[in-house]
Every structure is written in C-alpha cells, then in structure tokens.
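Reader: I am new to reading protein models, and I would like to go through this one slowly. Could we take it one question at a time?

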Amino acid sequence: MSDVVLLFSGQGAQKVGMGKDFHEASETARALFRKADAALGFSLSQIMFEGPDEQLTRTSRCQPALYLHGLVALELLRERVGGLEPVAAAGLSLGEFTAHAAAGTFSFEDGLKIVARRGLFMEEACQATEGAMAALIGGEEEGVRALAAECDVDVANFNAPGQIVLSGTVAGIDAAVEKARDHGIRRAIKLNVAGAYHSRLMQSAQDKLAAELKDLPMQTPGIPVVCNYGASVVADPAEIRSMLEKQVTGSVRWTESIKLLIEKGHRTFIELGPGKVLAGLVAKIDKDATVYSVEDLASLEAVAEQLD
C-alpha cells in the first residue's frame with residue numbers, strides 16, 4: 001500500500017490505557033515499550049496503561065507517551081500490511097517529532113529522549129508563567145489575528161477552517177474570550193490546559209530545547225516531513241532543528257500543512273494516536289480526503305484489513 005501519508009497526534013489526545021492492548025497482543029510492541037522505559041529511566045508504559053490521569057496529562061509524561069504510542073502503532077501496522085510505504089508524514093505539534101522518527105530523521109530512542117526533555121521544559125515554563133488558551137470557533141483568520149493583537153496574545157494553532165486557538169496570559173485570554181464576538185467569532189471557549197503553549201510564554205522552553213537539539217544526531221528524512229511552523233517540507237537537518245525549535249513559541253499551521261499535502265496529490269492519510277482528533281480536522285480541511293485512524297488493537301486490525 002503506497003501513497004499514504006502518516007499523521008501523528010499532538011498533546012491532548014492521550015488517555016489512560018493507551019497502548020495496553022498493543023502490549024498484551026504483540027512481542028514487537030512489548031520490545032518497544034521495554035526499550036522506551038529503559039531509555040527514559042522510569043516506567044512510562046505503566047503510566048500509559050494505568051495512569052493515574054493526572055500523571056499521564058503532565059506535559060513531561062504525555063508527550064513521550066504519544067510519541068511512543070504512535071510509533072508502536074506504526075510498527076504493528078507495518079507487520080500487518082504488506083508493502084506499506086508512506087509517501088510523507090506530518091504531526092500536530094509534538095507529533096512532528098514522531099513524524100520525523102517515522103521518517104528516520106533520528107532514532108527511536110534519541111527522539112524519545114528529546115521529546116521527554118521538550119515536555120519537561122514546557123512543563124517548567126507553564127509553572128513559571130500564568131498562561132491560558134482559548135479555542136475560537138467560526139471565525140475568519142483576519143478577525144482572529146485582529147483579536148489576538150488587541151488582547152496582546154498569540155495565535156497558537158490554525159487547526160482547521162473556523163477552528164483557531166489563541167494562547168497567552170490569563171488576562172489576555174480572558175479579554176479575548178470576552179471580545180471574540182466583536183471580531184465575528186461565533187464562540188470562544190477557554191481550554192483546560194496547564195499553560196500557554198505555542199506562545200511567547202514558552203520562550204524559556206524554546207531556548208532550552210534549542211540547546212538540546214544542537215546535539216541530536218540527525219539525517220535527511222527518508223520521506224518528506226511537513227513542519228508545523230513553516231507549513232513546508234523540511235529536509236536539511238539544520239533547517240529541521242530550526243523548525244522544531246521555533247515551533248515551541250510559534251503557530252502550528254495545521255490547515256496549511258494538510259492543504260500542502262493535498263496539493264501534492266495525497267488524498268489518503270493514516271492517523272496514529274488516540275482519539276481521532278486529526279481525522280476530524282482533516283475532514284474540515286478537505287471533505288474528500290480519506291483518513292484511517294489507528295488508536296488501539298481493534299482499529300489497527302480494521303485499518304489493516306482495509307489497506308491490505
């Protein structure tokens with residue numbers, strides 16, 4: 001099966017029990033979970049399988065958990081689908097790292113360690129600042145940008161047409177929620193998050209990650225990877241480092257990223273991660289695109305049957 005694009009989940013998709021049925025059913029999966037626990041020096045698999053929820057939702061835990069889950073799901077899918085040769089990959093925020101690991105830009109363990117560090121740095125930045133985020137539904141980009149400027153907050157995510165997320169100080173986000181209708185936005189919903197991801201409040205995390213990325217062994221990806229920050233294909237390791245760094249405080253341009261892949265003629269996507277969030281976003285971006293979602297053993301078997 002060729003001409004499929006791999007998509008990897010971002011933070012927020014995690015849920016207790018993720019990957020447990022993979023682990024129970026497959027020695028390939030068990031080996032990857034063992035490798036991950038050894039690389040990190042603690043039992044990430046136990047937190048994924050058993051929680052508690054407040055442990056798994058910690059930024060320093062859910063980011064490596066989603067990275068690991070996505071790559072386990074991919075390995076098991078490869079075992080079941082003969083000749084699965086993806087033509088490109090992309091991931092939402094944290095998922096961009098998973099996409100690079102899938103493309104061979106860096107090793108499974110190196111990627112896992114850097115993702116765990118990224119999660120820790122972002123967790124520390126959340127604790128050091130008072131940040132918030134809000135989802136804006138039914139607004140145009142121009143109106144959203146004007147609102148962000150007026151309230152001195154940043155545009156964090158362009159997730160899909162009519163679904164944009166703002167990020168910044170608590171006061172700024174509260175003001176944006178209050179004034180959203182004045183800018184033609186139908187609804188503004190404050191999100192239950194630990195801080196202001198993809199905003200200038202994450203600058204300390206970006207600086208620390210940049211230092212770590214310098215030492216990360218990296219090569220040209222084996223398949224094109226679309227970066228969030230530039231909504232473009234990046235191949236040069238120096239440029240990849242720059243894009244992964246800037247993404248921490250910059251906007252996730254998911255809508256443009258998916259449109260770029262569709263413009264290149266790709267119409268079939270496989271989402272790897274819990275919750276089918278990306279399938280929902282892709283459907284809003286292009287209703288003619290096909291997205292297969294693999295989140296557990298049952299969906300893995302169903303998708304393998306459809307693709308084989």
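Reader: Over the ring of which residue does the charged end of R61 sit?

Author: Since this is a predicted model, what follows describes computed geometry. The distance from the charged end of R61 to the centre of the ring beneath is 4.1 Å, which lies inside the limit of 6 Å that is used for a charge over a ring. The ring in question belongs to F42.

Reader: How are the planes of the rings of F33 and F49 arranged, stacked or edge-to-face?

Author: The count of aromatic pairs in this model comes to two. For F33 and F49 the ring centres are 5.1 Å apart and the planes stand at 70°, and planes over 60 degrees apart are put in one particular class. Because the angle is 70°, the pair is edge-to-face.

Reader: How many residues apart in sequence are the parts that F33 and F49 tie together?

Author: F33 belongs to helix α2, which covers residues 27-40, while F49 belongs to helix α3, which covers residues 44-50. Both of these residues are buried. Because F33 and F49 sit in these two helices, the pair ties together parts whose separation in sequence is 16 residues.

Reader: In the open sheet, which strands stand at the edges?

Author: The open sheet is formed by six strands, with mixed pairing, and their order is β8-β7-β2-β1-β9-β10. A strand at the edge has a single partner, so one of its sides is left without a neighbour in the sheet. From one strand to the next, the twist averages 30°. The strands at the edges are β8 (232-234) and β10 (290-294).

Reader: Which residue of β8 does V226 stand opposite?

Author: Strand β7 is made of residues 225-227, and it pairs with β8 in the antiparallel sense over three bridges. Within β8, the residue opposite V226 is V233.

Reader: How many residues apart in sequence are the parts that K15 and E295 tie together?

Author: The structure holds 13 salt bridges, and one of them joins K15 to E295, with the closest N and O atoms 3.7 Å apart. K15 is partly exposed at a relative accessible area of 43%, whereas E295 is buried at 14%. K15 lies in the loop between β1 (5-8) and α1 (20-25) and E295 in the loop between β10 and α14 (297-307), so the parts tied together are apart in sequence by 280 residues.

Reader: In which helix lies D174, the salt-bridge partner of K190?

Author: The closest N and O atoms of K190 and D174 are 2.8 Å apart. Both residues are partly exposed, K190 with a relative accessible area of 41% and D174 with 33%. K190 lies in strand β6 (residues 187-190), so the salt bridge ties this strand to a part 16 residues apart in sequence, and that part, covering residues 170-179, is helix α9.

Reader: What is the distance between the closest N and O atoms in the salt bridge of E256 with R253?

Author: E256 is partly exposed, with a relative accessible area of 37%, and R253 is partly exposed too, with 25%. The closest N and O atoms of these two residues lie apart by 2.7 Å.

Reader: Which residues does the UniProt annotation "domain: Malonyl-CoA:ACP transacylase (MAT)" cover?

Author: This annotation comes from an unreviewed UniProt entry. Over the annotated stretch the chain is 51% helix and 16% strand, and the end C-alpha atoms are 14 Å apart. According to that record, the annotation covers residues 7-303.

Definitions and conventions
Residues are numbered from 1 along each chain as its sequence is written. This is a predicted model: local features need pLDDT of at least 70, side-chain atom pairs count only at pLDDT 80 or more; totals for chains, interfaces and linings use all residues. Side-chain values use heavy atoms; hydrogens and water are left out. Rings of Phe, Tyr and Trp (its six-membered ring) pair if their centres lie within 6.5 Å; planes under 30 degrees apart count as stacked, over 60 as edge-to-face and the rest as tilted. Helices (H or I, at least four residues) and strands (E, at least two) are DSSP runs, numbered from the N terminus. Buried means under 20% relative accessible area, exposed over 50%, partly exposed in between (1.4 Å probe, protein chains only). A charge sits over a ring if NZ of Lys or CZ of Arg is within 6 Å of the ring centre and within 35 degrees of the ring normal. UniProt positions are given in the numbering used here, feature names are shortened, and annotations may be inferred rather than shown by experiment. Two strands pair if DSSP finds at least two bridges between them. Axes are lines fitted to C-alpha atoms, for helices over the stretch in contact, and angles run from 0 to 180 degrees between N-to-C directions. A salt bridge is a side-chain nitrogen of Lys or Arg within 4 Å of a carboxyl oxygen of Asp or Glu.
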